[in-house]
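Work through the exercises below with the sequence and the 3D view at hand. Try each task before you read its solution.

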Protein chains: 2
Amino acid sequence: LTHTFHPPPIVPARHSAQDIALHTQLQRTIDFKTKPQGALGQLEALALQLGCIQQSSKITFNTPQMVVFAGDHGITVEGVSAFPQAVTQQMVANMLAGGAAVNVFARQHGFAVTVVDAGVAAQLPAHNDAHSHAHPLLLQHKIALGTRNACVTTAMTPSQAAQAVQAGMDVVRSLPGNVLALGEMGIGNTSSAALVFALLARLPVEDVAGRGTGLDDVQMQGKLAALRKAQALHANASIGDNAPMNVLTAVGGFEIAMMTGAMLQAASDRRVVLIDGFIASAAALVACKLSPQAKDYMVFCHIGAEHGHRALLAHLGAQPLLGLGLRLGEGTGALLAWPLLISAALFVQQMASFESAGVAQKTS
Amino acid sequence: LTHTFHPPPIVPARHSAQDIALHTQLQRTIDFKTKPQGALGQLEALALQLGCIQQSSKITFNTPQMVVFAGDHGITVEGVSAFPQAVTQQMVANMLAGGAAVNVFARQHGFAVTVVDAGVAAQLPAHNDAHSHAHPLLLQHKIALGTRNACVTTAMTPSQAAQAVQAGMDVVRSLPGNVLALGEMGIGNTSSAALVFALLARLPVEDVAGRGTGLDDVQMQGKLAALRKAQALHANASIGDNAPMNVLTAVGGFEIAMMTGAMLQAASDRRVVLIDGFIASAAALVACKLSPQAKDYMVFCHIGAEHGHRALLAHLGAQPLLGLGLRLGEGTGALLAWPLLISAALFVQQMASFESAGVAQKTS
């Protein structure tokens, strides 16, 4: 019994004859800037992608949004994380107070921060004012007080999974801007992400699981045992047309499901979608399985230290911008890569061409 | 007949008992931020380095400087570049007009740009005003109209090499700020940089030479033949205590020698020194051979596409921040990495600690 989910309509970024003409023109503009062809490396491909997303050779960004989805995971009872589950809600409070890494980098780069309670295993305290209003940065979309333990049953019911994806879409619809960065907080969510990836890519989960926030060797063995058990229990979820939603239901997290919905909605809106680390990439994988053209709108911002991230990016055919050995999540890697998108936009707009600058070209 | 060069005094960044205490305190501050230990990856080591350079746990940057050294290379007559030599002066003009990639990224990040004529093979046109003043962004330190062909004789005289290094020091002394980014422009200078590296590291130059701005296979064979000839001619330059200056003299470029001096002076001033691509890294190698402690002040900003850069960074024991496949030079990679230094400073200043935020720590 599963809910069939219909993703919002997403047009491939390069679709119409006009789109193709723009792409050709952009490539030419980039090639005739005063530099050897290709000398700006990944920034050149990035500029092309951004221009195609925006259907313009003038790339502009407005009111960029950082949305952090927080949720808890039933599988933490298996001892898969080095940190206690309470850290999820504590870190949400830290984010709402502006003290987490994501806040620091969002301030640096002018991103508005929204924290979404996707399913934290505690009632989050109301905003500290006389009327007990919700905190102005917090959106309440709690599906449940954490998922169930995927070693024992499905993490969610099918209707919870559909509800979570829909909530992610709704969150994005409520936010302005043409750039969406996605982050997450959830103790245990590298386990969920590894299971989502392993099931959808049909890989042994031990090949793609990592140490998360820092398990030692003994703890890691325990995590792997739990993940193997969950993978075996839900092996059938990856079969059939409804595999993406079935896998989310079986082993996903509320924050992962909401990120999936948020990515789909943002792609449908032709927003630039900034993909952070391993967990966000797992959500991106689900989104791309539901709507392959969603990938056109995704910028893969970094390759993190989590063991499975390299294989996940390769599976997605994604080339990340940064490789700083991050393993924090929250969207921090997406924000750290952000200035490179601005650089890509600016070089297209501002650099002189060989002709305009009177610079000789390559002799061939 | 060589000039013995005496580098300016450079104190190791972590030297006194106070420095060591600061380092310990900084490491502790970083470890107790609300994130798993090490979760910010290379940003954590970067923050430590910056704090030690500035001898403060509060890292601040002021009036960052981007200096581009331009020079021509006699070895270009051997056909080692895909572009004609005239491109050096044309690109200098482009930089002075604000149209090069380095200008775009310097504006993005608030760096003042200075272009130094270290030895361009043309009289650069005066500023286009009634009094033929020099252009306000241009510093004139021309040693000669390009170096000599290192396949035939030494690229410079010993006194030219010493003069160039000294000029680089003088340039930095004349500039404000506590951050120095270095860039270069010089058709043929990947050849010079490869020879400098090969001689100082005693490696076959064909192992460290690359395609520069984009040689095809046939052109590449010609470049390698020229480089082998030059390496054979100057093999003795790498012998003895004066090897760094002898190698610069034999196969260096005026812009490379000036960058070396600039790096040494900046380290002596305890400025943060941003190292760009292959050519800047070759200058950094010479600087570190002259004064190993200079490396404490260097941030290696990226690994470029030029073939030898990986080996050069490994030889220096340097871990670059970015890897975007750049092969442009000009200092562009240094500028693209710059926001990461700001992020490193900001997370130390602004992130909450486990204690201040009431977040539980890792269970062990």
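A salt bridge is a side-chain nitrogen of Lys or Arg within 4 Å of a carboxyl oxygen of Asp or Glu. Keep this cut-off ready for the first two exercises. Keep in mind, too, that this is a predicted model.

**Exercise 1. A salt bridge and its copy**

Task: Find the salt-bridge partner of Lys142(A), and say where the two residues sit.

Solution:
- Step 1. Look for a carboxyl oxygen within 4 Å of the side-chain nitrogen. The partner is Asp117(A), and the closest N and O atoms are 2.8 Å apart.
- Step 2. Place both residues. Lys142(A) lies in the loop between strand 3 and helix 5 (158-173) of chain A, while Asp117(A) belongs to strand 2 (residues 112-119). The pair is 25 residues apart and links distant parts of the chain.
- Step 3. Check the burial of the acid. Buried means under 20% relative accessible area. Asp117(A) has 0%, so Asp117(A) counts as buried.
- Step 4. Turn to chain B. Asp117(B) and Lys142(B) meet in a salt bridge, at 2.8 Å from N to O. Asp117(B) is in strand 2 (residues 112-119) of chain B, and Lys142(B) is in the loop between strand 3 (138-140) and helix 5 (158-173). Both Asp117(B) and Lys142(B) are buried.

**Exercise 2. A salt bridge with other surroundings**

Task: Arg211(A) forms a salt bridge with Asp217(A). Classify each of the two residues by accessibility.

Solution:
- Step 1. Take the distance. The closest N and O atoms are 2.8 Å apart.
- Step 2. Recall the classes: exposed means over 50%, and partly exposed lies between that and the buried class.
- Step 3. Apply them. Arg211(A) has 38% relative accessibility, so Arg211(A) is partly exposed. Asp217(A) has 53%, so Asp217(A) is exposed.
- Step 4. Add the total. The rule gives 13 salt bridges over all chains.

**Exercise 3. Reading a sheet**

Task: In what order do the six strands of the open sheet of chain A lie, and which strands stand at the edges?

Solution:
- Step 1. Read the order across the sheet. It is 3-2-1-4-5-6, with parallel pairing.
- Step 2. Find the edges. Strand 3 (138-140) and strand 6 (298-300) each have a single partner strand, so one side of each is left without a neighbour in the sheet.
- Step 3. Check the twist. Neighbouring strands are turned by 25° against each other on average, direction ignored.
- Step 4. Zoom in on one pair. Strand 4 (residues 179-185) and strand 5 (residues 272-275) of chain A run parallel and are joined by three bridges. Val179(A) has Val272(A) of strand 5 as its bridge partner.

**Exercise 4. Where two chains meet**

Task: Describe the interface of chain A and chain B. How many salt bridges does the rule find across it?

Solution:
- Step 1. Count the residues. On chain A, 55 residues are in contact with 55 residues of chain B.
- Step 2. Give the area. The two chains bury about 4400 Å² between them, and 63% of it is on carbon and sulfur atoms.
- Step 3. Look at the polar side. The rule finds zero salt bridges across the interface. It does find 20 residue pairs in polar contact, both at pLDDT 80 or more.
- Step 4. Name the contributors. Five helices of chain A each supply at least two residues of the side that touches chain B: helix 2 (42-54), helix 3 (86-96), helix 4 (101-109), helix 13 (332-350) and helix 14 (354-357). Helix 13 gives the most, with eight residues.

**Exercise 5. Unusual backbone angles**

Task: Where in chain B do Gln55(B) and Arg202(B) lie, and are they buried or exposed?

Solution:
- Step 1. Start from the rule. Most residues other than glycine have a negative phi.
- Step 2. Compare. Gln55(B) has a positive phi of about 50°. Arg202(B) has a positive phi of about 55°. Neither residue is a glycine.
- Step 3. Locate them. Gln55(B) is in the loop between helix 2 (42-54) and strand 1 (65-71). Arg202(B) is in the loop between helix 6 (189-201) and helix 7 (205-208).
- Step 4. Classify them. Gln55(B), at 42%, is partly exposed. Arg202(B), at 58%, is exposed.

Note on methods:
Residues numbered from 1 in each chain as written. Chains lettered and ligands numbered in written order. Predicted model: local features only at pLDDT ≥ 70, side-chain atom pairs only at ≥ 80, totals over all residues. Heavy atoms only, no water. Helix = DSSP H or I, 4+ residues; strand = E, 2+ residues; numbered from the N terminus. Buried < 20%, exposed > 50% of the residue type's maximum accessible area, 1.4 Å probe, protein only. Pairing = 2+ DSSP bridges. Axes fitted to C-alpha atoms, helices over the stretch in contact; angles between N-to-C directions. Contact = heavy atoms within 4.5 Å. Buried area = accessible area lost by both parts, 1.4 Å probe. Polar contact = N/O pair within 3.5 Å; in protein donor to acceptor, adjacent residues only side chain to side chain.
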